[in-house]
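Student: Please give me a close look at the charged side chains that pair up here. After that, place them in the wider fold, strands included.

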Amino acid sequence: MSADRPEAQGTTRGLSRPGLRGREAESEQLRTLVEAVRDGEGGAVALLLGEPGIGKTALLRETVSLARSHGFVVSHGRAEELHELAPLASLASGLLHGDPPLLSGTDFADLAGHHDQRIWLVERLAQLIEERSAGRPVLIAVDDVQWADPLSRFALSVLPARLLSTPVLWLLTGRENPELYGQGPLTTTLPLRPLSGTALAELARDVLGAEVPARVEELLDGAGGNPFLAAEMLAGIAATGADRPEPPDRLVLGVRGRLADLRPDTLHFLRIGSVLGRAFALSDAAALCGRPASALSAEVDEAIAAALLHDDGERLLFRHDLLRQAVYADLAPSVRRALHREAASRLVAAGRSSGDAVPHLLKSAEPGDTEAIGLLRTAADDVIAVMPDLAADLAVRALELVPPRAPMVYDVGEQAVVALTRAGRYARARDIGDALLARQPPMDVFARLQCVLGDALWHLDDVHELSRRTTTALAAVTDPAIHARLTARLALARSRGSDLGAARETGERALAEAERAGDREARVLALWGLGETALNTGDCAAAVRHHTALSVFDAAFLPEEAVALIHLDDFDAVRRLLRSAGDAPLRPAMLIWAQGTLNLGLGRLDDADADFVTAERLEADLHVPGNLVNIRVNRGLLAMLRGDREAAREHLDVVRATVADRPNTGNHATHRYFEAVVADADGDHAAAAELVRSVQRDHPFLRWRLLRPHVVQAVHIALRGGDRKLAEDLAAQTAAHAARNPTVPTAQGTAAHASALVDADHGLLERAVELLLAGPRPLPLAAASADLGRALLNSGGAAAPALTRAHDLYAQAGADAEADQVRADLEQAARRPGRRTGRVRSRTDQGWDALTASERKVARLIAAGHTNRSAAEALVVSPHTVNTHLASIFRKLAVRSRVHLARIVLAEDDAGTATGD
């Protein structure tokens with residue numbers, strides 16, 4: 001063997017048992033991980049990466065055996081190359097068959113019923129793993145993860161973070177890094193290199209049982225350090241000697257020689273098997289061979305005797321995927337294509353699903369293949385709810401197979417546009433739709449295509465183009481349902497314009513058309529447009545009315561109903577509504593956004609921030625960060641309230657990057673307002689006022705959605721920037737908003753507050769405080785009380801009561817910066833009677849004192865043995881929020897497991913008892 005091949009690390013140690021020669025260092029690292037997880041050091045992820053035959057599976061099996069010996073609950077699954085259309089198949093292959101199984105057949109059926117709710121599915125999987133492991137450590141191993149189906153890949157990317165505090169070792173093998181992981185446990189990546197010369201010599205002695213002749217060493221150089229290729233060569237040498245012609249350095253030629261000794265029927269059978277995949281059912285191979293399964297026993301026996309196949313009792317498997325690839329590669333390309341096409345037809349004829357046939361069609365279908373087009377479309381429909389990206393690829397492939405002048409091109413193209421839009425590939429959807437329109441379809445088809453393109457244009461925030469296209473299509477359409485949908489899309493487009501009266505009229509007309517046509521989609525779009533228009537005009541009662549009707553009709557819009565109720569100050573109704581969402585909400589990220597908005601209104605800044613973090617994480621998990629700007633702006637404003645300028649600037653940087661990457665009107669306005677707040681805090685009051693002025697000027701439809709909770713701050717910015725006209729304009733709009741919402745305490749109190757600032761009216765400030773005392777929001781009350789106290793302080797009046805109220809409300813909310821400013825005002829009024837207020841305790845980043853009140857509750861529950869779900873039930877919050885709290889707790893306390901957390905909680909409680917806290 002070549003002397004210049006580098007020796008493997010750790011070759012001075014004792015060599016491992018046969019089959020793992022040269023993998024001593026990797027084995028030791030995996031053993032360390034197993035023992036760390038067993039000993040309560042927290043979860044871990046290990047990746048074994050390398051080319052086929054390099055030894056990944058051998059190391060995985062060794063680790064599985066080791067984990068079992070240490071008392072782990074083990075799930076050992078494998079991804080199959082041709083099973084990417086079977087949702088969760090790769091992960092479930094192990095979870096269903098462990099000892100004990102982490103997933104029962106009933107569990108899997110339940111999960112299958114919620115494939116369209118990926119976040120719920122992952123949460124449910126995490127809950128089952130926690131429950132079934134019963135406190136024991138868990139190993140979840142998946143081999144060949146490069147072939148995992150999209151739903152399994154999604155679960156593998158999210159579950160490690162979700163089970164961060166649970167003793168789970170995730171062991172995945174693949175040919176390259178799958179890049180699945182976010183904020184989960186530490187990942188140990190083990191790239192497997194070619195075996196050293198020493199390891200190859202040990203492997204040769206294992207097989208040949210003696211010193212290795214120089215001739216054998218020369219032959220083994222052809223294996224390139226690949227242990228599987230080396231073992232195949234050594235098996236041949238052991239059987240025939242080393243004096244036969246030199247074996248080739250590629251396995252394909254070596255297997256070809258072995259196949260030459262087989263009977264023609266066995267060779268044909270193996271080639272059929274190689275087309276069906278590494279593992280295949282005898283019945284499928286028999287169908288493709290055109291023979292009964294019982295007639296293939298001789299071929300199966302011969303293939304097993306030749307060490308090419310293995311029978312696991314359910315399926316036949318090639319002994320290694322390299323063997324299958326070698327047989328497959330020996331087929332002429334035209335023969336491979338023909339066999340894949342025949343396999344697809346045979347599978348369909350045998351009653352198998354389109355999902356079984358489509359992987360073969362993707363390798364074989366040619367333009368004009370109508371059966372393939374139909375199967376691809378069916379498969380796209382089957383998976384769009386849970387794997388929209390895959391559905392989009394399938395639908396686009398179906399469109400590519402349609403001859404250009406075939407009448408079906410418009411139906412297939414419409415499906416592709418819808419699938420691409422669902423997958424978030426809006427520009428591609430628009431391009432395909434425009435290419436179809438360029439073919440000058442019949443007028444009704446033209447209108448239908450413009451209707452489905454409307455969704456992509458809405459998400460691209462191209463409302464002007466949406467309005468133009470829908471108006472044009474409305475002149476051409478004859479189908480009442482399509483006409484209603486187009487009218488509703490026009491209402492949506494107009495809800496973002498300056499004439500909101502026209503938007504409302506269009507929405508009402510669309511709703512009437514939808515009801516006459518009996519079209520569900522049109523009705524949803526019409527109610528959505530009416531709700532958007534009501535929010536943008538500041539008509540809270542109308543917004544609640546339309547969004548309530550919408551969420552009753554389509555539960556996916558429940559978050560919008562919750563936000564509308566928040567604007568109405570009906571916080572009790574919001575709590576009831578959020579509780580009614582149940583365990584499987586359709587849009588969990590938006591629902592938690594609504595929860596965060598509620599907590600912000602209640603002045604629970606820490607809880608609101610945790611909710612916004614959770615919502616952002618859930619959006620990132622789904623790769624649909626549509627609300628990222630709003631989330632980061634709110635988190636940035638929270639940071640400003642706390643006095644954390646550094647965190648606020650970090651949020652602002654994310655907002656700037658997001659707006660640059662995906663500009664739209666709403667993001668632009670929200671971004672500008674956040675820039676105004678930061679500029680004002682930095683002392684650049686003129687620039688801040690100009691930014692607020694630009695929001696007023698350029699984004700009238702967003703005026704009340706954006707400024708409603710911040711208008712008093714905006715008036716302050718305008719006055720500090722010397723723009724009295726802007727301040728008066730804001731105050732006038734606030735008064736108009738209050739007139740539209742006479743039953744909303746915050747609207748009334750805020751209007752009085754804004755006008756009082758503009759007019760320097762102490763009496764109106766007192767009225768604002770009175771009005772806000774009747775409402776549910778502590779922060780607007782604190783702001784009005786602070787301004788009243790300062791006004792009284794400057795005029796020589798009794799400022800202490802108002803300032804004390806403001807300070808206490810800010811301090812209780814966690815608005816430390818505002819509380820400190822009010823405390824300074826109180827110190828200025830030091831001669832006032834009554835108590836003095838101490839400085840708000842500064843926050844720390846690490847340790848028990850860094851935990852928020854909610855985090856301490858979660859820590860105590862988890863330390864007491866609760867699962868994430870049971871802790872969530874005890875606190876009446878989402879399990880996702882508990883997971884966010886846990887991640888923060890682990891970071892602040894520098895712990896990695898529940899065991900460590902329990903020790904800290906116990907020590908803190910003991911210390912509190914000793915000091916009487």
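Tutor: Let's begin with burial: a residue counts as buried under 20% relative accessible area, exposed over 50% and partly exposed in between, with a 1.4 Å probe and protein chains only as cover. The model is predicted, so local features need pLDDT of at least 70 and side-chain atom pairs count only at pLDDT 80 or more, while totals for chains, interfaces and linings use all residues. Numbering starts from 1 along each chain as its sequence is written, and side-chain values use heavy atoms, without hydrogens or water.

The structure holds 59 salt bridges (a side-chain nitrogen of Lys or Arg within 4 Å of a carboxyl oxygen of Asp or Glu). A good one to visit is Arg-777 with Asp-569, where the closest N and O atoms are 2.9 Å apart. Arg-777 sits in the loop between α39 (762-773) and α40 (778-795), and Asp-569 in the loop between α27 (558-567) and α28 (571-580), so this pair ties together parts that are 208 residues apart in sequence. (Helices, H or I with at least four residues, and strands, E with at least two, are DSSP runs numbered from the N terminus.) Both partners are covered: Arg-777 is buried at a relative accessible area of 15%, and Asp-569 is buried at 11%.

Next, step into helix α28 itself, where Arg-575 and Asp-572 are three residues apart, about one helical turn. They form a salt bridge whose closest N and O atoms are 2.7 Å apart. Here the burial reads another way: Arg-575 is partly exposed at 28% relative accessibility, and Asp-572 is partly exposed too, with a relative accessible area of 48%.

Helix α30 (residues 605-622) offers another pair, with Arg-617 and Asp-621 four residues apart, about one turn of the helix. The closest N and O atoms of this salt bridge are 4.0 Å apart, and Asp-621 counts as buried at 14% relative accessibility. Salt bridges also link Glu-81, Arg-175, Asp-321 and Arg-324 in a network.

Now for the wider fold. The chain has 46 helices and eight strands, and its C-alpha atoms fill a box of roughly 110 × 80 × 50 Å along the principal axes. Of its 917 residues, 56% are buried.

Among the strands, β3 (residues 138-143) is mostly covered, with six of its six residues buried. One side carries Val-138, Ile-140 and Val-142, the other Leu-139, Ala-141 and Asp-143, and both faces are covered. Strand pairing requires at least two DSSP bridges. Strand β2 (residues 73-78) runs parallel to β3 and is joined to it by six bridges; Arg-78 stands opposite Asp-143 in β3. Strand β4 (residues 168-174) also pairs with β3 in the parallel sense, over five bridges, and Leu-171 in β4 is the bridge partner of Ala-141.

Elsewhere, three strands form an open antiparallel sheet in the order β6-β8-β7. β6 (279-280) and β7 (309-311) stand at the edges with a single partner strand each, so one side of each has no neighbour in the sheet. β6 pairs with β8 (residues 316-318) over two bridges, in the antiparallel sense, and Phe-280 stands opposite Leu-316 in β8.
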